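Hi there,

Here is the structure I promised to pass on. Have a look at it first, and my notes follow below.

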Protein chains: 2
Amino acid sequence: MELAEAKQKFIEAWGKLGSEWGINRTMAQVHALLLISPEALTTEQVMEQLQISRGNANMTLRDLINWGLVEKQHRSGERKEYFYAEKDVWYIARQVAKERKRRELEPVLKLLNQLQAVEGDEQDPEYKTFKTSVTDINKLATNVDKTLETMLKAEENWFFGSIFKLFK
Amino acid sequence: MELAEAKQKFIEAWGKLGSEWGINRTMAQVHALLLISPEALTTEQVMEQLQISRGNANMTLRDLINWGLVEKQHRSGERKEYFYAEKDVWYIARQVAKERKRRELEPVLKLLNQLQAVEGDEQDPEYKTFKTSVTDINKLATNVDKTLETMLKAEENWFFGSIFKLFK
DNA sequence: TTAAACTTTCAAAATTTATTGAAATATACT
DNA sequence: AGTATATTTCAATAAATTTTGAAAGTTTAA
């Protein structure tokens, strides 16, 4: 396979995977493009390579910066901004985990805790089933949350390290 | 908080979480509704409670069955079909993990393996960066895949058990 | 201060995804 | 076989999301 073709496939696959997991396809594609670029790229280059508009490129790059996956670079003597993606895969995984935990897991946990406090008749099957389901989900979500917390605190590659060894 | 209000909030939150993770909002809501229902419900009841059309209810229930989260029940002397959601949260988590692994992780792994075989000039930074990124992602994805595999084989609650103990 | 270079914004348009509802199909009972 | 009841399908429609592109805003340097 040619490098050019491989790049194209990688970008497409990353975009598809992103969209299946609730991440904007274009954002995932821009991230993929920057990931495989040895040098930082300009907005123009991103627009050109992915055939997207200036507005789209600008917003997407801003989002990627907010996710902590891309950084702006300045070059002396130049007005243009350059965008560079962090290449460390373990860092990327942690960053994504951190953001999704904050944006999605934590709000749900907060609600689950409130819902657990609902009052009702212990004899009522509707009440009992609701309470049991909410409590069980809350337990699992709390464990996921704590585990992510530990993962985020760990400086090194927690996944490659301690966990995976459990399974040879 | 009233039980009725709590139910409503739970269904909304589950729908929102689902849509953030690439799962159709309605499907997540129907799942939530069945999860907190002590008894199996009919298509009519699902339509009524979530204010959705017959076609939508039917397709969504079929999808939930395909995800292995809901089962059809028949009652003697009745023509209607009843739908019941598995209540075991650990079972649900494993089922979702299993399906997403099969539908999304495995196709990506297959591609990454192909992309790793791309030929090129070792001196070319474009080639080197591409290869390194793809190889690193492949390593992480392979580890995630193997870990999920182990999780799926484990009959018992792997998460509550061995893993979580690592972090006290 | 002016102007060129570059970035940001956002309403409108395009695209994608989800939903409806009525017709077609299937099922079970008499 | 006929009929009432229930389920499935899918083209049309609606809703949600994404993208565009041109205008407004900002920065830099002469």
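Let me begin with one pair that joins the two chains: A:K7 forms a salt bridge with B:E126, and their closest N and O atoms are 2.7 Å apart. Please keep in mind that this is a predicted model.

Between chain A and chain B there are 2 salt bridges, and 8 residue pairs are in polar contact, both partners at pLDDT 80 or more. On the chain A side, α1 (3-20), α5 (89-116), α6 (125-153) and α7 (159-165) each supply at least two of the residues that touch chain B. The largest share, 16 residues, comes from α6(A). By class, that side has 32 nonpolar, 7 polar and 13 charged residues.

Each chain brings 52 residues to the contact. Together they bury about 5100 Å², with 78% of it on carbon and sulfur atoms. In chain A, the residues that lose the most area to chain B are A:L3, A:W21 and A:F130, together 11% of what that side buries.

Now to the DNA. Strand D has 18 residues around it, and A:T26, A:S53, B:N58, B:R62 and B:R79 come nearest. Of the strand D atoms that come within 4 Å of the protein, 67% belong to sugar and phosphate. A polar side-chain atom of B:R62 lies 2.4 Å from a phosphate oxygen of the strand, while for the side chain of A:T26 the distance from an N or O atom to a phosphate oxygen is 2.3 Å. The surface near strand D divides into 2 nonpolar, 8 polar and 8 charged residues, and α4(B) gives the largest share of that surface, 5 residues.

Happy to talk it over whenever suits you.

Best wishes

Notes
Residues are numbered from 1 along each chain as its sequence is written. Chains are lettered from A and ligands numbered from 1 in the order in which they are written. This is a predicted model: local features need pLDDT of at least 70, side-chain atom pairs count only at pLDDT 80 or more; totals for chains, interfaces and linings use all residues. Side-chain values use heavy atoms; hydrogens and water are left out. A residue is near a molecule or strand if one of its heavy atoms lies within 4 Å of it. A polar contact is a pair of N or O atoms within 3.5 Å; within protein, one must be able to donate a hydrogen and the other to accept it, and residues adjacent in sequence count only if both atoms are side-chain atoms. Helices (H or I, at least four residues) and strands (E, at least two) are DSSP runs, numbered from the N terminus. Ala, Val, Leu, Ile, Met, Phe, Trp, Tyr, Cys and Pro count as nonpolar, Asp, Glu, Lys and Arg as charged, and the others, Gly among them, as polar. Contact means heavy atoms within 4.5 Å. Buried area is the accessible area (1.4 Å probe) that two parts lose on being put together, summed over both. A salt bridge is a side-chain nitrogen of Lys or Arg within 4 Å of a carboxyl oxygen of Asp or Glu.
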